[in-house]
Amino acid sequence: MSKFKKLIEDLENSQQEDIENSAKVFAITATLSTRLQEILHNLENPKTALPKSKLTQGELIKRYGSYPRAYAAYQQAYGIKCKWGWKHFLKAIDGLSPPVSLEDRIEKLEATVKLLVEILLEN
């Protein structure tokens, strides 16, 4: 009987460990899910490095490299149309946030993955 009793105790201990491990997995999943929802919300509503105030031609050239690239980025993001030239373009984008480039999105995604891995390793 003692072997059976020991086997039953081992099974109960194993079951208890499984329950505890499952609880840890659920806690990690909940944390990751919450963090991922925050990240997705931030991607949908990006906080850009440039303010919504008046952008200058110099800032746009620094960010996009040329007028055609800046115009294409804003047209794709906001669907703007205006006459050719910086003067008209700056009027058309007045008050708009700069669109987030693919490179910026990739950098944010990499940072997000690193953060999620850290959270996962902590738990």
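**Exercises on a predicted model**

Lys-6 has a relative accessibility of 52% and so counts as exposed (exposed is over 50% relative accessible area, buried under 20%, partly exposed in between, with a 1.4 Å probe and protein chains only). The model is predicted: local features need pLDDT of at least 70, side-chain atom pairs count only at pLDDT 80 or more, and totals for chains, interfaces and linings use all residues. Residues are numbered from 1 along each chain as its sequence is written, and side-chain values use heavy atoms, with hydrogens and water left out.

**Exercise 1.** Find the salt-bridge partner of Lys-6 and place the pair.

Step 1. A salt bridge needs a side-chain nitrogen of Lys or Arg within 4 Å of a carboxyl oxygen of Asp or Glu. The count by this rule is one.

Step 2. The partner is Asp-10, with the closest N and O atoms 4.0 Å apart.

Step 3. Both residues lie in helix α1 (residues 2-44), four residues apart, about one turn of the helix. Helices are DSSP runs (H or I, at least four residues), numbered from the N terminus.

Step 4. Asp-10 has a relative accessible area of 41%, so it is partly exposed.

**Exercise 2.** Determine which side of α3 is buried and what it packs against.

Step 1. The buried residues of α3 are Tyr-67, Ala-70, Tyr-71, Ala-73 and Tyr-74.

Step 2. They lie on the same side of α3, because they cover an arc of only 160° around the axis (the arc is that of the directions from the helix axis to the C-beta atoms).

Step 3. On the other side of α3, Arg-69 and Gln-76 are exposed.

Step 4. The buried residues of α3 pack against α2 and α4, where contact means heavy atoms within 4.5 Å.

**Exercise 3.** Classify the ring pairs Tyr-67 with Trp-86 and Tyr-74 with Tyr-78.

Step 1. Rings of Phe, Tyr and Trp (its six-membered ring) pair if their centres lie within 6.5 Å; planes under 30 degrees apart are stacked, over 60 edge-to-face, and the rest tilted. Nine aromatic pairs result.

Step 2. For Tyr-67 and Trp-86 the centres are 5.0 Å apart and the planes at 75°, so this pair is edge-to-face. The pair links distant parts of the chain, with Tyr-67 in α3 and Trp-86 in α4, 19 residues apart.

Step 3. Tyr-74 and Tyr-78 are stacked, at 5.9 Å centre to centre and 25° between the planes. Both lie in helix α3, four residues apart.

Step 4. Tyr-74 is buried at 0% relative accessible area, whereas Tyr-78, at 38%, is partly exposed.

Definitions and conventions. Helix = DSSP H or I, 4+ residues; strand = E, 2+ residues; numbered from the N terminus.
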